[in-house]
Amino acid sequence: MTLELRNVAFAYDGTDAVRDFSATFEGTQLVALIGPNGSGKSTLLKLVARVLAPAGGDIVWAGRRLDEWPAKEYAREVGYLPQEPDPTFPMRAIDVVVSGRAPFLGRFGWESSADYDEAARALATCDASYLAERYLDEMSGGERKRVFLARVLAGRPKLIVLDEPLASLDIAHVQQFSALLRDVVRTTGATVIYATHDLNWAAAYSDRMLVLQRGALALDAAPAEVMQPERIRELFGFEAEAVEAGGRAWLVPRV
């Protein structure tokens, strides 16, 4: 399955958020979107998720433009996790996850035992089966993120878009969740595209990194090419040094 973005553009009140963006995603891969605040990462993911409609250009999934997909049919194909998915009322994890089966239900349908089986499978994939009967307000931030990712996986989407899933996690949970995203790609065969500010962990686990600047694509490359001190200086205005550890280079601030 292939996702194509062709000269995509979007603006908020006349201010460009995404400009002339073109990229193709195909096969099974983990793709990190990186860039400064306000560079268009969240907007781009919302466009792919059909939360927003592009003002220019085309987005094509599996050979069909997004506006040609019926909403429920597209929701079966593409899973989306926004930055702030927490509901305003407490729910059990299993009930949150089974709500990801909604695109497969009839208008007045209720979840079946098979839907709950899918929810349980998704929790297991996220190493979160032990949370099934717990309520969201009884969980840590890292545990809630696993539950919401499981909700996305319950629909078995072929394309998964996640908006800053590593935000607000401590360093141990950042590592665990980064590894979990790698496992999701491996076990489900889906393409996962996620926005993040954590360059080192993105480079450690991703197949590909896209750098956005002021709404435009500045670089689309393998992590090893992106994670060069001179490249980071050029793209982020950030002085860094490369430190070799574990067979790869990690960037640290130059003090």
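**Exercise 1. In the predicted model, which backbone oxygen does the side chain of Ser178 reach, and is Ser178 buried or exposed?**

*Solution.* Start with the polar contact: the side chain of Ser178 comes to 2.7 Å from the backbone oxygen of Val174. Next, place the residue in its element, which is helix α6, covering residues 171–188. Then turn to accessibility. Ser178 has a relative accessibility of 1%, and the cut-off for buried is under 20%, so Ser178 is buried. To finish, look for partners further along the chain: leaving out residues up to four places away in sequence, Ser178 touches Leu166, Trp201 and Tyr205.

**Exercise 2. Work out the surroundings of Arg208: where does it lie, is it buried or exposed, and which residues does it contact?**

*Solution.* First locate it: Arg208 belongs to strand β9, residues 208–213. With a relative accessible area of 13%, which falls under the 20% limit, Arg208 is therefore buried. Now follow its side chain, where a polar atom lies 2.9 Å from the backbone oxygen of Thr24. Thr24 turns up again in the contact list, once neighbours within four places in sequence are set aside. That list includes the run Ala23, Thr24 and Phe25, then Gln29, Leu30, Val31 and Ala32. It is completed by Asp220, Ala221 and Pro223.

**Exercise 3. Describe helix α1 and what follows it: how many of its residues are buried, and what phi does Arg50 take?**

*Solution.* Helix α1 spans residues 41–48, and six of its eight residues are buried, so the helix is mostly covered. The buried ones are Lys41, Thr43, Leu44, Leu45, Leu47 and Val48. Step past the end of the helix and you meet Arg50, with a positive phi of about 70°. This value occurs although Arg50 is not a glycine. Arg50 sits in the loop between α1 and β4 (56–61). Its relative accessibility is 28%, between the 20% and 50% limits, so Arg50 is partly exposed.

**Exercise 4. Find another residue with a positive phi in the loop between α4 and α5: is Asp127 buried or exposed?**

*Solution.* The loop between α4 (113–125) and α5 holds Asp127. Its phi is near 55°, a positive value in a residue other than glycine. For accessibility, compare 55% with the limit of over 50%: Asp127 is therefore exposed.

**Exercise 5. Which residues line the largest cavity, and which element gives the most to its lining?**

*Solution.* One cavity of 30 Å³ or more is counted, and the largest cavity holds about 40 Å³ of space. Its lining consists of Leu5, Phe21, Phe25, Leu33, Leu44, Leu45, Val48, Ile193 and Leu210. Two elements, β2 (15–26) and α1, give two or more residues each. Of the elements, α1 gives the most, with three residues. Sort the lining by class and you get nine nonpolar, no polar and no charged residues.

**Exercise 6. Now treat the largest pocket likewise: how many residues line it, and which element supplies the largest share?**

*Solution.* The space in the largest pocket is about 300 Å³. There are 18 lining residues, and those nearest the centre are Ala75, Val78, Gly79, Tyr80 and Pro103. The elements that contribute two or more residues are α2 (71–77), β6 and α5 (141–153). Helix α2 supplies the largest share, four residues. By class, the lining has eleven nonpolar, four polar and three charged residues.

**Exercise 7. Which members of the largest nonpolar core touch the most other members, and what does Val147 contact?**

*Solution.* The largest nonpolar core has 52 residues, of which Val147 and Leu149 touch the most other members. Not counting residues up to four places away in sequence, Val147 touches Ala93, Val96, Val97, Leu123, Leu131, Leu136 and Met139. Another core, of 28 residues, lies apart from that one, with Leu33, Val48, Trp61 and Tyr74 among its members. As background, nonpolar side chains in soluble globular proteins tend to be buried together.

**Exercise 8. Where does Glu84 lie, and what distance separates its C-alpha atom from that of Lys145?**

*Solution.* Glu84 is in the loop between β6 (78–81) and α3 (93–98). At 68% relative accessibility, over the 50% limit, Glu84 is therefore exposed. Glu84 and Lys145 are 61 residues apart along the chain, and 9.9 Å separates their C-alpha atoms.

Note on methods. Residues are numbered from 1 along each chain as its sequence is written. This is a predicted model: local features need pLDDT of at least 70, side-chain atom pairs count only at pLDDT 80 or more; totals for chains, interfaces and linings use all residues. Side-chain values use heavy atoms; hydrogens and water are left out. Buried means under 20% relative accessible area, exposed over 50%, partly exposed in between (1.4 Å probe, protein chains only). A polar contact is a pair of N or O atoms within 3.5 Å; within protein, one must be able to donate a hydrogen and the other to accept it, and residues adjacent in sequence count only if both atoms are side-chain atoms. Contact means heavy atoms within 4.5 Å. A nonpolar core is a set of buried Ala, Val, Leu, Ile, Met, Phe, Trp, Tyr and Cys residues joined through side-chain atoms within 4.5 Å. On a 1 Å grid over the protein atoms alone, a cavity is a set of points where a 1.4 Å probe fits but cannot get out, and a pocket is an open set with protein on both sides within 12 Å along at least five of seven lines; lining residues have an atom within 4 Å of a point. Grid points are joined across faces, edges and corners, and a volume is the space filled by probe spheres set on the points. Ala, Val, Leu, Ile, Met, Phe, Trp, Tyr, Cys and Pro count as nonpolar, Asp, Glu, Lys and Arg as charged, and the others, Gly among them, as polar.
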